[in-house]
Amino acid sequence: MTAITEQLTALGRAIEHDSFAIIDAEVGGAHCYAASQWPVVRRMIHASADFEFNGLTFFHPEAIEAGIAAIRRGGTPVVADVEMICVGLSRPRLSHFGMAAHQFIADEDVIAEAKANGGTRAVEAMRKAHRLGLLEGSIVAVGNAPTALIEVVRLIEEEGVRPALVLGMPVGFVSAAESKERLMAQQEVPWIAIRGRKGGSTLAVAALHALLALAEEGKE
């Protein structure tokens, strides 16, 4: 039986597996990731054709275990900073674990709050997710907005919010690298992060798809 986290056609699966094999061959043993971490990095390379993620990707020691546990628990929300992540995630793969993805950046109340406070929609979107009770025990995926990640870290440090896992992968030039350093500096919540300016919604989606596959592999 084909796993729900695999491509749906035989040709699609063959192409994906061949791509992974090419990545493994080109990298060889030239990486320092644990066996449980490498599938995440490999899928990120696959999604971007950028081998620099072999080295730029960092893991909290409990990140893989925490992500898999959250997925297997069932019904765990995914809170994203932008709609692109929600669109990129496979609905069948999420549904297999009773999961759904949420984002609020385009909501009228979020826009109004951002204008009133002189801040960003990304910050207000994460605050709304918190008010709705979606952040606690969730998987937070940030691929675009550094201010969203900074706000998540603030909520963790100042308000005791405890997501199950934070994927900190915003791309850009203003505060992107700094936001990820702030995430990696805290140890209360597990994280997977891309150091520096590189990142993006595609990478957050790839990382989460890799975690979904890992969760399915070991599920009895």
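Which residue stands opposite Leu167 in S5? Keep that in mind as you click through this predicted model.

**Stop 1: strand S5.** Select residues 165–168, which make up S5. Show the side chains and look at where they go. Leu165 and Leu167 head off one way, while Val166 and Gly168 point the other way. That fits a general pattern: in a regular strand, side chains alternate between the two faces of the sheet. Here, all four of these residues are buried.

**Stop 2: the S4 side.** Now add residues 139–142, strand S4. S4 and S5 are paired in the parallel sense, with 4 bridges between them. Here is the answer to the opening question: Ala141 stands opposite Leu167. To see how the chain links the two strands, bring in helix H9, residues 146–159. Together, S4, H9 and S5 form a right-handed β-α-β unit.

**Stop 3: over to S6.** Next, select residues 191–194 for strand S6. S5 and S6 run parallel and are joined by 3 bridges. Leu167 turns up again here, with Ile192 as its bridge partner in S6. Gly168, for its part, sits opposite Ala193. Switch on residues 176–185 to see helix H10, which the chain passes through on its way from S5 to S6. This β-α-β crossover is right-handed.

**Stop 4: the faces of S6.** Stay on S6 and show its side chains. Are they buried or exposed? Trp191 and Ala193 lie on one side, Ile192 and Ile194 on the other, and all of them are buried, with both faces of the strand covered.

**Stop 5: strand S1.** Add residues 57–59, which form S1. S1 is joined to S6 by 3 bridges, and these two strands run antiparallel. Pick Phe58 and look across to S6: its bridge partner there is Ala193.

**Stop 6: Ser201.** Finish by selecting helix H11, residues 201–217, and zoom in on Ser201. Why does Ser201 count as buried? Its relative accessibility is 6%, and the cut-off for buried is under 20%, so Ser201 qualifies. Now display what surrounds this serine. Leaving aside residues up to four places away in sequence, Ser201 touches Val82, Met84, Ile85, Gly143 and Asn144.

How values were computed: Residues numbered from 1 in each chain as written. Predicted model: local features only at pLDDT ≥ 70, side-chain atom pairs only at ≥ 80, totals over all residues. Heavy atoms only, no water. Buried < 20%, exposed > 50% of the residue type's maximum accessible area, 1.4 Å probe, protein only. Contact = heavy atoms within 4.5 Å. Pairing = 2+ DSSP bridges. Right-handed = clockwise from strand over helix to strand, strands pointing away.
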